[in-house]
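Here are some notes to read beside the structure. Please keep the sequence open while going through the points.

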Amino acid sequence: MPGPSPSVAWWAQRAPAASAAVLATGTLSVGLDLAGYEVLSRITLGLACAAWLLFAADFTRRLLRAGSRWRAYTRRPGVLESVTTAALTTVAATAVLGTAFSTAGSQALAVTLLVLAVLLWPVPLVLVPQGGERRGPGTVFARCLATQGLAVLGATLAAAESEAWLAHAALVLFWLGLVLYVLALARFDVRQVAEGTGDHWLAGGALALSALAGARLLSADSARLYLWNEDDRDVLRTVTVALLVLALVCYAVLLAAEFFWPRPRHDVRRWATVFTWAKTGTAALAVAVALDVSWLDGFGEALLWIAVAAWLVAAVWTAASARSGVRTGRHVRSRARR
């Protein structure tokens, strides 16, 4: 029986990382919209949708093929944690996509994606990580990413639809996400700063996403909703600024580490790095709007354009890798027939 086609084989090996590409591309769409580049924002939104659909189709295909063997499959060492991480990053990617649709004015689609993300979120959230106290890579922050992604989407929809309950639910998720970040930080292997191949940047990406959630909660308040009293708003403002400062410090430290410990080899996990760069720029832009800090707007836009350049590099590398992988697969199949 002939094996899968070279293109299918290449995609099967890289599909688990596709959610990071969705996160990066969807975040760029939101950031470009905040910066006033509406056309570019819609183009990146379309690309994010295409990547999300590919990932969703692959995940569904794998689930259906596993069938009754799914439980036995997840009992293998490391498999359950890998599946849990994939599910959580899918939730985060779905939430980011929903936020991009909401900022584009498609509230119905954003609500649909919020419902889907909320339905997917609880099960992988409560699964106990394998390995006990064993430290892990940047993917340990997946629980924080998924939770804060929901907080951002909830706060964005609360402002768009004038729904106070959505904002209050988003606030609960915001604080829960911060607790999950602290727990993840305790499990993060700090050696990844020198040895990681891309996803270690999620340590900063989760902080930037949390800062964006705080900024969205602040922006959701209005005279009509009156979500927060003065004390609540002061606390939320202080925490949001602190999160942005921490995200920028983490960005600087991780960037310096890339120069001290160069990692020239390309890896698909670099999409997580692109996501963090895009999220940091977007968070700075959102905080500038929420707190009316004009100089921060220009700084955030500069970070965003750096992320755009990184996205183009990652996209070119991914396309070249796909072409090379398909060619290699075809060569192997032709030799096998001889």
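How much space lies in the largest cavity? The points below begin there.

1. The model is predicted. The largest cavity holds about 40 Å³ of space. The count of cavities of 30 Å³ or more comes to one.

2. The residues around the largest cavity are Val-30, Ala-95, Val-96, Thr-99, Gly-149, Val-152, Leu-209, Leu-212 and Lys-279. Helices α5 (79–103), α8 and α11 (202–220) are the elements that each give two or more residues to this lining. The most comes from α5, which supplies three residues. Sorted by class, the lining has six nonpolar, two polar and one charged residues.

3. Next, the nonpolar core. The largest one has 100 residues. Those with the most contacts inside it are Leu-97, Phe-141, Leu-150, Phe-174, Leu-217 and Trp-271. As background, nonpolar side chains in soluble globular proteins tend to be buried together.

4. Leu-217 is a useful residue to look up in the core. What is Leu-217 in contact with, leaving aside its neighbours within four places in sequence? The list is Ala-155, Ala-167, Ala-170, Leu-171, Phe-174, Trp-228 and Leu-236. One of these, Phe-174, is also among the core residues with the most contacts.

5. Helix α8 covers residues 142–161, which is 20 residues. At 1.5 Å a residue the helix should span 28 Å, and its end C-alpha atoms are 28 Å apart, so the two values agree. Is α8 mostly covered or mostly uncovered? It is mostly covered, with 17 of its 20 residues buried.

6. Ser-162 comes just after α8, in the loop between α8 and α9 (164–187). The phi angle of Ser-162 is near 55°, a positive value in a residue other than glycine. Ser-162 has a relative accessibility of 26%, so it counts as partly exposed.

7. Thr-139 is found on the other side of α8, in the loop between α7 (122–126) and α8. Thr-139 has a relative accessible area of 27%, and is therefore partly exposed. Not counting residues up to four places away in sequence, Thr-139 touches Thr-85, Asp-199 and Leu-202. Thr-139 and Ala-203 are 64 residues apart in sequence, while their C-alpha atoms are 8.6 Å apart in space.

8. Helix α13 (270–291) can be checked in the way used for α8. It has 22 residues and reaches 32 Å from its first C-alpha to its last, close to the 32 Å expected at 1.5 Å a residue. Of the 22 residues in α13, 20 are buried, so that the helix is described as mostly covered.

9. Which residue takes a positive phi just after α13? Asp-292 does, with a phi of about 55°. Asp-292 is a residue other than glycine, and it lies in the loop between α13 and α14 (294–337). Is Asp-292 buried or exposed? At 69% relative accessibility, Asp-292 counts as exposed, because the cut-off for that class is over 50%.

Key:
Residues numbered from 1 in each chain as written. Predicted model: local features only at pLDDT ≥ 70, side-chain atom pairs only at ≥ 80, totals over all residues. Heavy atoms only, no water. Core = buried A, V, L, I, M, F, W, Y, C linked by side-chain atoms within 4.5 Å. Buried < 20%, exposed > 50% of the residue type's maximum accessible area, 1.4 Å probe, protein only. Contact = heavy atoms within 4.5 Å. Helix = DSSP H or I, 4+ residues; strand = E, 2+ residues; numbered from the N terminus. Expected span 1.5 Å × (residues − 1). 1 Å grid on protein atoms, 1.4 Å probe; cavity = no way out; pocket = protein on both sides within 12 Å on 5 of 7 lines; lining within 4 Å. Points joined across faces, edges and corners; volume = space filled by probe spheres on them. Nonpolar A, V, L, I, M, F, W, Y, C, P; charged D, E, K, R; others polar.
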